[in-house]
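Trainee: I would like to go through this structure and ask why each label is used. Please set the values against the cut-offs as we go.

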Amino acid sequence: MQDDYRSETLVQDTIHGYVTLTSATGDCHPEERYFERDLIDSAWLQRLRQIRQLQTAWLVYPTAEHSRFQHVLGTMWTASRAWAQWRTSFYRAMSEAGQTDAPSSACVEELLRIAALLHDVGHGPFGHFLDEHFFSRYETSQHERLTHETLGAHIIRTELAPYISGLRRSPSGLFGPGESISADEVAYLITRPQVGRQEADRPLWLKTLRCLFCGLYTVDNIDFVMRDAYMTGFGSNPFDLDRLLHYTFFTPQGLTVHAKGVATVMRFIQIRADLFRAVYYHRATRAIDVELADLFKDSVDLLYPYGNPVESLQEYLRFTDFSLLSDVRNWDRSDDPRKRALATPWREFLERKIKWKLLAEKTIFFAGEQSEESSIFSSPRLFEAALREKLPTQFQETELRFDIARHSLLPETTQTRNFWYDPETEQVAPIGSHKSFAQSAKSFRICRVFGASSEAREAVVKALLRLTQGVVDETTNL
């Protein structure tokens with residue numbers, strides 16, 4: 001009995017309470033070389049302690065000092081909790097689909113836990129900001145667009161593969177005879193499907209599990225909504241997780257919510273959207289991002305002079321929020337004239353002396369068949385051209401920055417990954433077909449104009465109103 005405690009480590013978490021991890025035991029499986037504790041103590045996971053969860057929002061919300069490390073542990077816990085609730089329906093759905101090759105429950109649980117633990121391992125300083133302003137320059141060795149996910153998949157397949165292949169248990173028990181999990185399976189689960197890119201053939205059981213990482217509600221966004229809401233003071237109990245898990249189950253179609261749970265899903269979607277508006281897309285947060293974009297454009301090759309991170313992993317391992325901020329603080333002492341010239345704007349950034357002031361903003365909602373791509377708000381460039389055209393002549397050349405922050409309430413992928421069950425007809429259909437979703441906005445874009453001064457505020461506000469209200473007057477009497 002006492003040996004049971006030797007195979008686990010308990011970690012106290014602010015959001016979830018105790019998170020159980022597997023650790024070394026005197027009664028190891030013959031092929032068991034690693035435990036979750038070894039993976040967590042690896043350099044790649046410990047690195048996440050030095051990367052903040054909220055890329056720049058921590059400069060706006062004083063208590064939001066939590067790290068990606070805390071988040072991935074919480075996501076791991078969420079994966080176990082979801083699997084405990086959904087595993088019976090998963091095996092039933094596989095049986096109904098004629099698939100009997102799914103691994104044991106302990107093996108699947110561990111695959112989900114490790115994918116949850118490693119889903120953010122590719123992140124760098126300032127999180128998602130880096131995807132657009134740095135990773136977009138490069139590709140993976142398979143000619144995929146480089147993002148934190150595809151870079152993370154590469155790290156998993158190369159640097160962390162020995163740890164993953166050496167696992168033989170989850171907290172609930174040992175794998176079945178001859179079972180193991182692979183780095184490739186983990187990498188597959190954490191990577192969003194690329195539009196227009198043909199995927200390698202995968203077993204149905206593995207394809208089905210992907211919805212836990214890519215869908216309407218995932219183990220990732222369940223944790224970050226709870227964690228970020230709590231840490232910013234947005235709310236301590238933002239949605240009903242127990243009810244969400246209770247009314248969700250697997251069918252042969254995929255992850256399905258009972259009609260009784262649809263309102264809970266809607267609540268989750270609304271809270272997540274509110275969190276995007278209030279925290280991730282807060283006006284001050286976006287002003288900081290605009291400032292950071294200007295700084296990055298001038299200094300990214302100095303911040304990371306090693307080229308493609310895929311080809312310089314050991315340097316990327318050292319590239320964190322802590323290392324970047326520590327480096328730029330010392331640029332005023334550098335022998336490099338470019339660094340000395342950039343030292344002042346970086347110091348002002350760190351002191352929150354942000355150049356850009358909000359002049360005007362408008363949130364545009366898109367519903368039904370409305371096309372976002374055909375809108376003038378589909379890109380900052382089109383937005384800028386349309387608004388400048390409506391400005392008075394004296395403000396045509398005013399120094400402005402145009403920012404569009406987009407959030408998808410009902411991503412297109414949910415049509416094939418998330419479903420709802422109607423008890424009256426006993427039918428399963430894509431969740432987007434439910435009337436609650438059909439009547440809701442599918443996405444929104446917060447369109448903002450920032451200026452270096454407030455001089456043009458009134459003119460910009462009027463121009464934005466003319467753009468968004470769609471009122472066009474004649475130039476003469478008819």
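Mentor: What follows is a set of questions and answers about this structure, which is a predicted model.

Trainee: Why is Glu179 called buried?

Mentor: Buried means under 20% relative accessible area. Glu179 has 17%, so Glu179 counts as buried. Glu179 is found in the loop between strand E4 (173-174) and helix H9 (183-190).

Trainee: What does Glu179 touch, leaving out residues up to four places away in sequence?

Mentor: Glu179 touches Pro103, Ser104, Cys107 and Arg168. The C-alpha atoms of Glu179 and Cys107 are separated by 7.1 Å, and the two residues are 72 residues apart along the chain.

Trainee: What makes Arg333 exposed?

Mentor: Exposed means over 50% relative accessible area. Arg333 has 69%, so Arg333 is exposed. Arg333 sits in the loop between helix H16 (321-329) and helix H17 (337-350). From Arg333 to Leu391, 58 residues apart along the chain, the C-alpha separation is 44 Å.

Trainee: Is Arg381 buried or exposed?

Mentor: Its relative accessibility is 61%, and the cut-off for exposed is over 50%, so Arg381 counts as exposed. Arg381 belongs to helix H18. The C-alpha atoms of Arg381 and Asp403 are separated by 9.2 Å, with the two residues 22 residues apart along the chain.

Trainee: How do you know that E8 and E11 pair?

Mentor: Two strands pair if there are at least two bridges between them. E8 and strand E11 (residues 441-451) are joined by 9 bridges, so they pair, and they run antiparallel. One of the partnerships is that of Arg401 with Phe450 in E11.

Trainee: Which strands make up the sheet that holds E8 and E11, and in what order?

Mentor: This open sheet has 3 strands, in the order E7-E11-E8, and its pairing is antiparallel.

Trainee: What makes E7 and E8 edge strands?

Mentor: Strand E7 (357-367) and strand E8 (400-408) each pair on one side only. From one strand to the next the twist averages 15 degrees. Helix H13 (residues 262-280) lies across E7, E8 and E11, and H13 runs at about 165 degrees to E8.

Trainee: Which strands form the sheet with mixed pairing?

Mentor: That open sheet has 4 strands in the order E5-E6-E9-E10. Its edge strands are strand E5 (248-251) and E10, each of which pairs on one side only. The twist there averages 40 degrees from one strand to the next.

Trainee: How do you know that the pairing is mixed?

Mentor: Strand E6 (residues 254-258) and E9 pair in the parallel sense over 4 bridges, whereas strand E9 (residues 418-422) and strand E10 (residues 427-430) pair in the antiparallel sense over 4 bridges. Thr256 stands opposite Phe419 in E9, and Tyr421 has Val428 in E10 as its bridge partner. In the hairpin of E9 and E10, 4 residues lie between the strands, and Glu426 takes a positive phi near 60 degrees.

Trainee: Which helix lies across E5 and E6?

Mentor: H4 does, running at about 15 degrees to E5.

Trainee: How do you know that the span of H21 is close to the expected one?

Mentor: Helix H21 (residues 457-469) has 13 residues and reaches 18 Å from its first C-alpha to its last, close to the 18 Å expected at 1.5 Å a residue.

Trainee: Why are the buried residues of H21 said to line one face?

Mentor: Ala459, Val460, Ala463, Leu464 and Leu467 are buried in H21. Seen down the axis, the buried residues of H21 fall within an arc of 130 degrees, so they line one face of the helix. On the other side of H21, Glu458 and Gln469 are exposed. The cover over the buried residues of H21 includes E7, helix H18 (380-389), E8 and E11.

Trainee: Which residues have the most contacts inside the largest nonpolar core?

Mentor: They are Leu118, Phe296 and Trp346, in a core of 126 residues. Helix H4 (residues 68-96) gives the largest share of this core, 12 residues. A second, separate core of 21 residues includes Leu391, Ile404, Val449 and Ala459.

Conventions. Residues numbered from 1 in each chain as written. Predicted model: local features only at pLDDT ≥ 70, side-chain atom pairs only at ≥ 80, totals over all residues. Heavy atoms only, no water. Helix = DSSP H or I, 4+ residues; strand = E, 2+ residues; numbered from the N terminus. Axes fitted to C-alpha atoms, helices over the stretch in contact; angles between N-to-C directions. Contact = heavy atoms within 4.5 Å. Expected span 1.5 Å × (residues − 1). Buried < 20%, exposed > 50% of the residue type's maximum accessible area, 1.4 Å probe, protein only. Arc of directions from axis to C-beta. Core = buried A, V, L, I, M, F, W, Y, C linked by side-chain atoms within 4.5 Å.
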